[in-house]
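Welcome to this guided tour. Open your viewer, keep the sequence beside it, and follow the stops one at a time.

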Amino acid sequence: MYHVLLEQQVALVTGTAAGIGQEIARLFAEHGARLVLLDRNAEANQATADSLDPAGKRAIAVHLDVRDRPAIDRVISETIRDWGAIDVLINNAGVYPRQEFLTMTEGQWDEMLDINLKSMFHFQQAVLPHMIGRRRGKIVNISSVTFHLGIPNLVHYVASKGGVIGLTRSLAREVGAHNVHINCITPGAVLVEAEKAVVSDEQVRAFVAQQSLQRRILPIDIARAALFLSSELSDGMTGQTLNVDGGWVMH
Ligand SMILES: NC(=O)c1ccc[n+]([C@@H]2O[C@H](COP(=O)([O-])OP(=O)(O)OC[C@H]3O[C@@H](n4cnc5c(N)ncnc54)[C@H](O)[C@@H]3O)[C@@H](O)[C@H]2O)c1
């Protein structure tokens, strides 16, 4: 009955050139969604779109930095003009460079908060009038299990991801009466190419050892949770944080 969960629905997904966002795009395409793929890595993002829909009719790549409000306003109004509606927004783009707190510059702090948190202010403020007007919308914000754990050398990152949970909860209360659902996901240590730059194999083994499920969490695990939160399967949920970490943190 629920084989295809997003038939003809329009979804905006950020950070689709790689990793989790790319897998969300792939799974959503499989479930019938029409996709606007947003990333600052234009070439790799176009490759994602081409792999899903070479004709460019059901998946289009847009070169965009999630800190650029005028570009966000533009893509949202053009999507509504060309495709009639926006049903789903996935705020996934994010960065996670390590930096010791005592030597962290204000610029590094601001960059982290601007990309990982302020971008979600921009996207949601830009799309919500449309969703409220239709009395329909699903928004999924990607946070991180590190918020529950606290992690050294990632103070700015963990602060940004805690902000994502706070924003999600408060905004879900503000717009729930308009039938707009806003939830977030806290992924655990997910196997993506980008992790190689920030964690060693030994650290990864230590993460897995702390999980209940003794395997790597994969992008598809997060994509499935995003699909659930974007579809009618989660119609009774808003303001929630879905933890997908192999049973590392239980709360
Ligand atoms: N991989 C993990 O273990 C893990 C765990 C918890 C949370 N997360 C979160 O999941 C999300 C995706 O992470 P990932 O591991 O897939 O990372 P990734 O580096 O593989 O992919 C992130 C994508 O976002 C894009 N991006 C980054 N900054 C951008 C900007 N300013 N504007 C537009 N696009 C931008 C990148 O180009 C890239 O394509 C992030 O929010 C991350 O914090 C990841």
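Is His-122 buried or exposed? Select His-122 and look at its surroundings: the residue is buried, because its relative accessible area is 9%, and buried means under 20%, exposed over 50% and partly exposed in between, with a 1.4 Å probe and protein chains only.

Before moving on, note that this is a predicted model, in which local features need pLDDT of at least 70, side-chain atom pairs count only at pLDDT 80 or more, and totals for chains, interfaces and linings use all residues. Residues are numbered from 1 along each chain as its sequence is written, and side-chain values use heavy atoms, with hydrogens and water left out.

**Stop 1: helix α4**

Stay with His-122, which belongs to helix α4. Helices (H or I, at least four residues) and strands (E, at least two) are DSSP runs, numbered from the N terminus. Now add Arg-69 to your selection: its side chain makes a polar contact of 3.3 Å with the side chain of His-122. A polar contact is a pair of N or O atoms within 3.5 Å; within protein, one must be able to donate a hydrogen and the other to accept it, and residues adjacent in sequence count only if both atoms are side-chain atoms.

Next, select Gln-124, also part of helix α4. Gln-124 counts as buried because its relative accessible area is 1%. Try a distance between C-alpha atoms here: Gln-124 and Gln-22 are 102 residues apart along the chain, and 21 Å separates them.

**Stop 2: the loop after α4**

Follow the chain from α4 (106-134) into the loop that leads to β5 (137-142), and select Arg-135 there. Its phi is near 50 degrees, a positive value in a residue other than glycine. Most residues other than glycine have a negative phi. Arg-135 counts as partly exposed because its relative accessibility is 46%.

**Stop 3: helix α6 and the loop beyond**

Select Thr-168 in helix α6. This residue is buried, since its relative accessible area is 0%. Which side chain does the side chain of Thr-168 meet in a polar contact of 3.1 Å? Show Asn-141, and you have found the partner. Then turn on the backbone of Val-164: its oxygen lies 2.6 Å from a polar atom of the Thr-168 side chain.

Continue to Asn-179, in the loop between α6 and β6 (180-187). Here phi is near 65 degrees, again positive in a residue other than glycine. Asn-179 counts as partly exposed because its relative accessibility is 34%.

**Stop 4: the ligand**

Now select the ligand and show what surrounds it. How many residues surround the ligand? There are 28, and the closest are Asp-39, Asn-92, Tyr-96, Tyr-157 and Val-190. A residue is counted as near if one of its heavy atoms lies within 4 Å. By class, this shell has 16 nonpolar, eight polar and four charged residues. Ala, Val, Leu, Ile, Met, Phe, Trp, Tyr, Cys and Pro count as nonpolar, Asp, Glu, Lys and Arg as charged, and the others, Gly among them, as polar. Colour α1 (19-30) and α6 (155-175) too, as each supplies at least two residues of the shell.

Zoom in on some polar atoms:

- In the side chain of Asp-39, an N or O atom is 2.6 Å from an oxygen atom of the ligand.
- At Val-66, a polar backbone atom is 3.0 Å from a nitrogen atom of the ligand.
- At Val-190, a backbone N or O atom lies 2.8 Å from an oxygen atom of the ligand.

On its own, the ligand has 830 Å² of accessible area, and the protein covers 92% of that. Accessible areas come from the Shrake-Rupley method with a 1.4 Å probe; for residues, only the protein chains shown count as cover.

**Stop 5: helices α7 and α8**

Go to Val-208 in helix α7 (residues 201-210). Val-208 counts as buried because its relative accessibility is 13%. Its C-alpha atom and that of Ile-139 are separated by 29 Å, with their positions 69 residues apart along the chain.

Finish in helix α8 (residues 219-230) with Ile-220, which is buried, with a relative accessible area of 16%. Where is Glu-23 in relation to Ile-220? The two are 197 residues apart in sequence and 6.1 Å apart in space, C-alpha to C-alpha.
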